[in-house]
Every structure is written in structure tokens, then in C-alpha cells.
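Please open the structure in a viewer and keep the selection tool at hand. The tour below proceeds from one selection to the next.

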Amino acid sequence: MYVNSYVLSVPEDRKDDYTRIAIIFAEIAKDFGALEIFENWEFEIPDGDHTDYRKAVKAEPGEKIVLSWVIWPDRETGAKAHKGMYADPRMDKLGEMPFDGKRMILGGFEPIFSYRKD
């Protein structure tokens, strides 16, 4: 298993715009092998003394934090998907991003363990 994660800030009044593009992205990612996609909108994020989500992405007043991740079966599938997805014509439907991509944090992770209550 391999996980891509993203942290970004989106203007609060652009939540619907973000949700629209996230749904398009999720549909494309699933077609390229993603097992699960999670999109999470800020509900309760405390300000830290030294660091926090807002500081990490240099969030501006009125922006909400989004935490997203995509689970792939393995790193190879994720890497191949990223190349293919950005060449997919459906990506044109995304249009202008409702956030500043230069302040987005992203990375790939190998899970240590997973727990799900049955």
C-alpha cells in the first residue's frame, strides 16, 4: 500500500468549487487504480505556538485547511497514475484551482500499519 497526502488552504467561500474539482479528481484517480480517496475540510484546528496546519501552508485569513489522501495499492501504481492522470483529458474539467498550489504540501508515504474497527 502507498499513500499520497496533501495539505492545503482554500478560501472558505470556495468550498463548493474545491469539492467540485475534488470529485472530478477522485473519479479519475479511481480509474487509474486508487483504492480510496479522502477529502477533509477543516472543522476544528487549533493554532499552535510553534507550528500548526495554518502555519505550514501559510493560510491567509478566511481560508480553511483541507487534508486529503489517496490510497494506492503500491507506489508503482501511484506513480504510473500520476503520469497518466495529468495527460487525461478529463483533467481539463478541473479549470482554475480554488487554492494557491504553491502553498500546498504533498508527499508519499509507506504505511506502518492500519487499523479499522470491524
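Is Arg103 buried or exposed? Arg103 is buried, because its relative accessible area is 14%, where buried means under 20% relative accessible area, exposed over 50% and partly exposed in between (1.4 Å probe, protein chains only). The model is predicted: local features need pLDDT of at least 70 and side-chain atom pairs count only at pLDDT 80 or more, whereas totals for chains, interfaces and linings use all residues. Residues are numbered from 1 along each chain as its sequence is written, and side-chain values use heavy atoms, with hydrogens and water left out.

**First stop: the loop before β4**

Select Arg103, which lies in the loop between α3 and β4; helices (H or I, at least four residues) and strands (E, at least two) are DSSP runs, numbered from the N terminus. A polar atom of the Arg103 side chain lies 2.7 Å from the backbone oxygen of Lys58, and the backbone oxygen of Val57 lies 3.3 Å from a polar atom of that side chain. Leaving aside neighbours within four places in sequence, Arg103 is in contact (heavy atoms within 4.5 Å) with Val7, Ser9, Val57, Lys58, Ala59, Glu60 and Glu63.

Now select Met104, in the loop between α3 and β4. With a relative accessible area of 25%, Met104 is partly exposed. Residues up to four places away in sequence not counted, Met104 touches Tyr6, Val7, Leu8 and Phe99. Add Ser9 to the selection: Met104 and Ser9 are 95 residues apart in sequence, and 7.4 Å separates them in space, C-alpha to C-alpha.

**Second stop: the sheet**

Display the strands. They form an open sheet of four, in the order β2-β3-β1-β4, with antiparallel pairing; two strands pair if DSSP finds at least two bridges between them. The edges are taken by β2 (36-41) and β4 (105-109), each with a single partner strand, so one side of each has no neighbour in the sheet. From one strand to the next the twist averages 15°; axes are lines fitted to C-alpha atoms, for helices over the stretch in contact, and angles run from 0 to 180 degrees between N-to-C directions.

Select β3 with its partners. The antiparallel pairing of β1 and β3 runs over ten bridges, and that of β2 and β3 over six bridges. Three residues serve as markers of the register: Ser5 stands opposite Trp69 in β3, Phe38 stands opposite Trp69 in β3, and Asn40 stands opposite Leu67 in β3. As for exposure, β3 is mostly covered, with seven of its ten residues buried.

**Third stop: Ser68**

Select Ser68, in strand β3 (residues 63-72). Ser68 is buried, at a relative accessible area of 2%. Which side chains make polar contacts with the side chain of Ser68? The side chain of Glu39 is joined to that of Ser68 by a polar contact of 2.5 Å, and the side chain of Tyr18 makes one of 3.4 Å. A polar contact is a pair of N or O atoms within 3.5 Å; within protein, one must be able to donate a hydrogen and the other to accept it, and residues adjacent in sequence count only if both atoms are side-chain atoms. Not counting residues up to four places away in sequence, Ser68 touches Asn4, Ser5, Tyr6, Tyr18, Phe38 and Glu39.

**Fourth stop: an aromatic pair**

Rings of Phe, Tyr and Trp (its six-membered ring) pair if their centres lie within 6.5 Å; planes under 30 degrees apart count as stacked, over 60 as edge-to-face and the rest as tilted. The count by this rule is two aromatic pairs. Select Phe38 and Trp69: their ring centres are 4.8 Å apart and the planes are at 25°, so the pair is stacked. Because Phe38 lies in strand β2 and Trp69 in strand β3, the pair ties together parts that are 31 residues apart in sequence. Phe38 is partly exposed at 28% relative accessibility, and Trp69 is partly exposed at 26%.

**Last stop: the helices**

Select helix α1 (residues 15-31), which lies across β1 (2-11), β2 and β3 and runs at about 170° to β2. Helix α3 (residues 75-87) lies across β1 and β3, at about 120° to β3. The buried residues of α3 are Gly78, Ala81 and Met85, and their cover includes α1 and β3. At the start of α3, zoom in on Asp74, where a side-chain oxygen reaches to within 3.3 Å of the backbone nitrogen of Glu76.
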